[in-house]
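Biologist: I keep running into words like "buried" and "salt bridge" when people talk about proteins. Could you show me how those labels get earned?

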Amino acid sequence: MTTASTPSTPVAVVTGASSGIGAATARQLARAGYHVVATARRKDRLEALVNELVVAGHRATAQQLDVTDRAAVDAFAAGLDRVDVLVNNAGGALGADPVATGDPADWRRMFEVNVIGTLNTTQALLPALTASGDGTVVVLTSTAGHATYEGGAGYVAAKHGAHVLAETLRLEIVGTPVRVIEVAPGMVKTEEFATTRFGGDEERAAKVYEGVAEPLTADDVADTIAWAVSRPAHVNIDLLVVRPRAQASNSKVHREL
């Protein structure tokens with residue numbers, strides 16, 4: 001696969017772009033003038049997104065991809081002729097059980113997607129990002145990557161891992177023409193995050209946001225990502241934490257009940 005980009009068109013790869021923050025980020029970057037390469041496992045959703053962007057006059061390409069499959073990621077990277085921005089968005093939470101009863105399989109899956117998936121895409125695309133002369137790696141973590149909360153240890157551990165990956169990479173590649181930006185959202189209400197976390201239990205998922213007047217939206221986070229990416233090349237937004245006004249911490253949320 002090639003991006004069929006022109007020398008003047010920067011290319012942004014967005015993982016986990018089939019819904020939520022990933023899809024919203026793909027839209028924002030496409031409107032900002034990037035040729036967006038949208039990746040995710042769900043091909044039908046990707047194709048619908050890319051069709052929407054192309055009809056609107058933007059440049060976009062869909063590529064089905066599981067970021068935990070290293071061979072697939074390497075093949076994907078080999079097919080790109082240019083990469084200027086990588087948005088590591090693919091991730092997610094599974095379960096909310098305490099440490100004493102948490103499912104190791106859920107923990108393993110969260111680590112694989114949130115940490116190893118980010119490692120895979122970053123390693124595979126870093127040479128192209130460096131070759132661009134002005135590359136940007138975005139790692140979408142979470143406020144869970146900076147503070148703990150009861151019932152969230154597996155997700156918190158995974159997002160702490162992603163945070164450390166971003167922080168360490170920044171140290172290791174300083175002096176190269178690549179920025180490393182971490183965006184850590186708090187409470188974001190999307191169509192799938194909480195529902196997936198609770199195994200499709202929509203009633204339980206709804207309680208996460210119960211009484212919260214205005215949780216963040218996917219567009220709010222995408223706007224933050226697009227802003228950080230669009231700063232002048234010498235400006236690095238090391239870490240940007242974004243929460244709704246109603247949320248003071250992971251466990252302190254104002255609810256109008």
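Modeller: Let's go through some labels one by one, keeping in mind that this is a predicted model.

Biologist: Okay, why is T61 called buried?

Modeller: T61 has a relative accessible area of 16%, and buried means under 20%, so T61 gets that label. You'll find T61 in strand β3, residues 60-64.

Biologist: What makes the link between the side chains of T61 and H35 a polar contact?

Modeller: The two side chains come to 2.7 Å, and the cut-off for a pair of N or O atoms is within 3.5 Å. One atom must also be able to donate a hydrogen and the other to accept it. The pair T61 and H35 counts as a polar contact.

Biologist: Now salt bridges. How do you know that E192 and R42 form one?

Modeller: Their side chains meet at 2.8 Å, N to O, and the rule asks for a side-chain nitrogen of Lys or Arg within 4 Å of a carboxyl oxygen of Asp or Glu. So the pair passes. In general, side chains of opposite charge can pair when their charged atoms come close.

Biologist: What makes you say that E192 and R42 tie parts of the chain together?

Modeller: E192 sits in the loop between β6 and α6, while R42 is in the loop between β2 and α2, so the salt bridge connects parts 150 residues apart in sequence.

Biologist: And why is R42 called partly exposed?

Modeller: R42 has a relative accessible area of 31%. That value falls between the cut-offs of 20% and 50%, so "partly exposed" is the right label.

Biologist: Does E192 have another partner, and if so, which?

Modeller: R45 pairs with E192 too, in a salt bridge of 3.5 Å, N to O. R45 belongs to helix α2, 147 residues from E192.

Biologist: What about R170 and D238: what makes them a salt bridge?

Modeller: Their distance is 3.7 Å, N to O, and the limit is 4 Å, so they qualify. R170 lies in helix α5 and D238 in the loop between α8 and β7, so this pair ties together parts 68 residues apart.

Biologist: Are R170 and D238 buried or partly exposed?

Modeller: R170, at 18%, counts as buried, whereas D238, at 39%, counts as partly exposed.

Biologist: Last one: which residues do salt bridges join into one network?

Modeller: R42, R45 and E192, through salt bridges that share partners. The whole structure holds six salt bridges.

Technical notes: Residues numbered from 1 in each chain as written. Predicted model: local features only at pLDDT ≥ 70, side-chain atom pairs only at ≥ 80, totals over all residues. Heavy atoms only, no water. Helix = DSSP H or I, 4+ residues; strand = E, 2+ residues; numbered from the N terminus. Buried < 20%, exposed > 50% of the residue type's maximum accessible area, 1.4 Å probe, protein only.
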